[in-house]
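Q: Please take a close look at one helix-to-helix contact. Then connect it with the other features worth checking. Keep it brisk.

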Amino acid sequence: MVVLAAGAAFAHGKEQHVMGRVTAITDSSITVQTKADEPVTVYTMAETKYEKSGTVASMKDLKVGDRVVIHAEKMGDKLMANEGHFGVVAKTPQQR
Amino acid sequence: MRKRPLLLSITAASVAVAAAFGWMTIRRGFSARDNPSAMEVYVAKTARKLSIPASERDAKNPFPPTPEVLSEARAHFADHCATCHGNDGSGKTEIGQNLYPKPPDMRQSETQNLTDGQIYYIIHNGIRLTGMPAWGGPGEDDDSWKLVLFIRHLPQMTPQEMKEMEPLNPKSAAERSEEEDEQRFLNEGKTPEMKMRMHH
């Protein structure tokens, strides 16, 4: 099966935003196929927050094949996930 | 007559200690990445404590911690304070961690043991030589008192409350655009073009 890879890694200060489809999940990592057709592995931490469709979720709610946006920070040679967003989301209300 | 040489010696020693402290401080550099030394923390905290008049220290909060007041203060904190202090008050934000001194984790006793009056005074008057500005007008300001209630609530914050604060955090046009790209990707699978942005 061809995985339709999508996404990019955006620099956000120290944070990178990794977007794509989940291809593998372990107890401590999520591998994402990005638009560049590269698998990017992001490591999870106890402090990593998850959000599914705008509500608080856990890593268990994430499945292989899901579209995901991970906000991660480089620590040494590893990307560590601060937040993982997945599921359909309502538009964020614009402030002011 | 015998007291004079002693006085001169004490003065000379004091000047030497002050000069050595000044020299060491300068040699350490002025990078905001560092943390203040224990001596600097002690001197600054003591000076701050002494600077708050007793009447202000013992002032009582005129607002009760009702859900409405807390909700208003939470929104205010998200908009005005969270950039440095974080929505959870931990101070673990990009700006917060690069200030000198770093903002305290307000959930901890260092902040929670202050009186309501001391917290109000710090918000309302700011703290010189730190990143903490003075908020509100010259007179008594209600918003700062309401923020005191929210700061008291920080140790009991729920993930859902923090989630509700996120849309209220200040964001640049570039950050909003990036957020929209991400939402579009999650909702429709449309792939935004590759972009590299650095936010400083």
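A: The contact comes first, then a helix, unusual backbone spots and a strand residue.

This is a predicted model: local features need pLDDT of at least 70, side-chain atom pairs count only at pLDDT 80 or more, and totals for chains, interfaces and linings use all residues. Residues are numbered from 1 along each chain as its sequence is written, while chains are lettered from A and ligands numbered from 1 in the order in which they are written.

Two packed helices are described by the angle between their axes and the distance between the axes. Here the pair is α4 (residues 67–80) and α8 (residues 142–153) of chain B. Helices (H or I, at least four residues) and strands (E, at least two) are DSSP runs, numbered from the N terminus. The two axes come within 8 Å and cross at roughly 95°. Axes are lines fitted to C-alpha atoms, for helices over the stretch in contact, and angles run from 0 to 180 degrees between N-to-C directions. α4(B) and α8(B) are therefore roughly perpendicular. The cut-offs are under 35 degrees for roughly parallel, over 145 for roughly antiparallel, 65 to 115 for roughly perpendicular, and oblique for the rest.

Which residues of α4(B) and α8(B) meet? From α4(B) come Val69(B), Leu70(B), Glu72(B), Ala73(B), Arg74(B), His76(B) and Phe77(B). They meet Asp143(B), Lys146(B), Leu147(B), Leu149(B), Phe150(B) and His153(B) of α8(B). By class, the contact has 7 nonpolar, 2 polar and 4 charged residues. Ala, Val, Leu, Ile, Met, Phe, Trp, Tyr, Cys and Pro count as nonpolar, Asp, Glu, Lys and Arg as charged, and the others, Gly among them, as polar. Contact means C-beta atoms, placed from the backbone, within 7 Å.

Now helix α10 (residues 173–188) of chain B. Its 16 residues should span 22 Å at 1.5 Å a residue, and the end C-alpha atoms are 22 Å apart, which agrees. The expected span is 1.5 Å times one less than the number of residues. Glu178(B), Asp181(B), Glu182(B), Phe185(B) and Leu186(B) are the buried residues of α10(B). They cover an arc of only 130° around the axis, so they sit on the same side of α10(B). That arc uses the directions from the helix axis to the C-beta atoms. Ala173(B) and Glu188(B) are exposed on the other side. Buried means 20 or more other C-beta atoms within 10 Å of a residue's own, exposed 12 or fewer, partly exposed in between, with C-beta atoms placed from the backbone.

Next, the backbone. Most residues other than glycine have a negative phi, and most peptide bonds are trans. The bond from Tyr100(B) to Pro101(B) is cis, with omega near -5°. Pro101(B) sits in the loop between α5 (82–85) and α6 (109–112) of chain B. Leu129(B) has a positive phi, near 60°. Its loop runs between α7 (116–125) and α8 of chain B. Leu129(B) is exposed, with 9 other C-beta atoms within 10 Å.

Chain A has 0 helices and 8 strands. Of its 96 residues, 30% count as buried. Asp37(A), in the loop between β3 (29–33) and β4 (39–43) of chain A, has a positive phi near 65°. Lys74(A) lies in strand β7 (residues 67–75) of chain A. Lys74(A) counts as exposed, with 12 C-beta neighbours inside 10 Å. Leaving aside neighbours within four places in sequence, Lys74(A) is in contact with Gln16(A) and Leu79(A).

Methods: Contact = placed C-beta atoms within 7 Å.
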